[in-house]
Amino acid sequence: MSSPTDITALPKVELHLHIEGTLEPELIFELASRHGMELPYASLDDLRARYAFEDLQSFLDLYYANMAVLRTADDFARLTAAYLRRAAAGGVRHAEIFFDPQAHLVRGVPLAEVVEGLVEGAYAGTAETGTTSALIACFLRDRSSEEALEVLEQLVAMKAPIIGIGLDSAEVGHPASEFTDVYARAAELGLHRVAHAGEEAGPDYVWEALDLLGVQRVDHGVQSVRDHTLVQRLVVDRIPLTVCPLSNVRLRVFESLADHVLPQLLAAGVVTTINSDDPAYFGGYVDDNYAAVADQLGLDRADLARLAHHSVEASFLPQGRKVALDREIDAWLGEPAS
Ligand code: ADE
Ligand code: ZN
């Protein structure tokens with residue numbers, strides 16, 4: 001069994017990380033104070049006591065509420081640099097970072113403020129740690145596709161350095177089929193396409209993401225195990241799933257890690273990756289997720305290296321960087337566990 005310190009040395013890529021979900025309670029209080037805002041929480045403990053979620057929606061309510069403290073480019077820069085620092089300490093060599101433009105626009109925060117801050121924080125974080133990153137703009141599936149398309153055009157007009165688009169927020173009742181025009185436009189622009197699907201909703205939502213949106217990766221996708229034909233499709237087309245084990249337990253998708261379908265997905269041959277989703281809310285960063293599945297699901301060092309190789313394969317990195325990272329992972333596997 002690998003020790004947690006050994007897992008932090010395993011080179012890995014993070015592919016499912018909402019930057020707004022890295023907003024730690026301490027930073028919420030600090031930014032609120034800086035902006036002269038009154039928080040509806042008496043203390044850090046009072047805020048933390050609200051992190052017992054019933055389901056996805058109960059989490060999203062708090063996640064969107066806490067974003068109120070993110071107002072300036074500097075706030076976004078601090079958040080991003082802090083994430084990259086923490087991710088690098090956990091062995092992350094590259095991160096493809098989600099952000100939710102609409103969640104800020106509806107609060108009156110200009111898009112330029114958000115994008116400039118993310119870019120500045122990413123630059124500073126990479127300069128400090130060597131961990132690189134890229135940005136993926138996610139659209140909120142519980143808002144209209146017309147609005148999503150408008151925001152995509154704004155991002156293009158301002159030459160925002162995004163590598164792709166995603167789809168997140170409340171899933172049930174908001175199928176991928178509502179967003180076909182947004183994804184068609186993204187394809188026309190040469191952007192990568194991913195989408196959350198099969199987190200709480202069933203396999204139908206994953207089929208739609210594949211067949212109607214043409215996604216290259218599925219975020220979560222854990223409900224795919226309920227449909228054998230769908231699992232075969234993921235295997236044959238090598239469509240990766242970005243799985244977030246601690247998130248799934250905190251949002252009650254599975255009762256415990258022992259009930260997680262990760263072993264089934266790996267056994268079937270799905271390109272499964274391990275990620276943290278919203279680490280400030282779900283009890284751990286990506287290395288914590290690797291450590292938890294190693295411990296609770298009995299994964300050995302070879303399994304962990306395989307998951308890390310999958311994260312490299314599933315990334316949108318250039319081939320040369322992928323080869324270099326794969327070599328680093330093999331070197332980790334070849335070393336005795338610390
Ligand atoms: N936004 C942030 N985290 C999310 C999740 N786990 N599912 C859907 N939307 C999200
Ligand atoms: Zn997510």
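Welcome to a predicted model in which a polar side-chain atom of aspartate 277 lies 2.7 Å from a nitrogen atom of ligand 1. The protein buries 100% of the 260 Å² that ligand 1 exposes when taken alone. Ligand 1 sits in the largest cavity, and the notes below go from its contacts to that cavity and then to the largest pocket.

**Polar contacts of ligand 1**

- Aspartate 278 also has a polar side-chain atom placed 2.7 Å from a nitrogen atom of ligand 1.
- Serine 169 takes part through its backbone: a polar backbone atom of this residue is 2.8 Å from a nitrogen atom of ligand 1.

**The shell around ligand 1**

- Which residues are around ligand 1? They are His18, Leu56, Phe59, Leu60, Tyr63, Asp168, Ser169, His196, Glu199, His220, Asp277 and Asp278.
- Sorted by class, this shell has four nonpolar, four polar and four charged residues.
- Helix 4, which spans residues 56-66, supplies the largest share of the shell, with four residues.

**The largest cavity**

- How many cavities of 30 Å³ or more does the structure hold? The structure has one.
- The space in the largest cavity comes to about 100 Å³.
- A set of 15 residues lines the largest cavity, and the closest to its centre are His18, Leu56, Phe59, Leu60 and His196.
- These five residues also appear in the list of those around ligand 1.
- Helix 4 is the top contributor to the cavity lining, giving five residues, just as helix 4 provides the largest share of the ligand shell.
- By class, the lining of the largest cavity splits into six nonpolar, four polar and five charged residues.

**The largest pocket**

- For the largest pocket, the volume is about 180 Å³.
- Its lining is made of 13 residues, of which Thr22, Glu24, Leu27, Arg78 and Ala82 are the closest to the pocket centre.
- Two or more lining residues come from each of helix 2 (25-34) and helix 5 (73-89).
- Which helix gives the most to the lining of the largest pocket? Helix 5 does, with seven residues.
- The pocket lining divides into six nonpolar, one polar and six charged residues.

**To take away**

- For a look at the ligand site, good places to start are aspartate 277, aspartate 278 and serine 169, each with a polar atom placed by a nitrogen atom of ligand 1.
- Helix 4 leads in the lining of the largest cavity, whereas helix 5 leads in the lining of the largest pocket.

Conventions. Residues are numbered from 1 along each chain as its sequence is written. Chains are lettered from A and ligands numbered from 1 in the order in which they are written. This is a predicted model: local features need pLDDT of at least 70, side-chain atom pairs count only at pLDDT 80 or more; totals for chains, interfaces and linings use all residues. Side-chain values use heavy atoms; hydrogens and water are left out. A residue is near a molecule or strand if one of its heavy atoms lies within 4 Å of it. A polar contact is a pair of N or O atoms within 3.5 Å; within protein, one must be able to donate a hydrogen and the other to accept it, and residues adjacent in sequence count only if both atoms are side-chain atoms. Accessible areas come from the Shrake-Rupley method with a 1.4 Å probe; for residues, only the protein chains shown count as cover. On a 1 Å grid over the protein atoms alone, a cavity is a set of points where a 1.4 Å probe fits but cannot get out, and a pocket is an open set with protein on both sides within 12 Å along at least five of seven lines; lining residues have an atom within 4 Å of a point. A molecule sits in a cavity or pocket if more than half of its atoms lie within 2 Å of its grid points. Ala, Val, Leu, Ile, Met, Phe, Trp, Tyr, Cys and Pro count as nonpolar, Asp, Glu, Lys and Arg as charged, and the others, Gly among them, as polar. Grid points are joined across faces, edges and corners, and a volume is the space filled by probe spheres set on the points.
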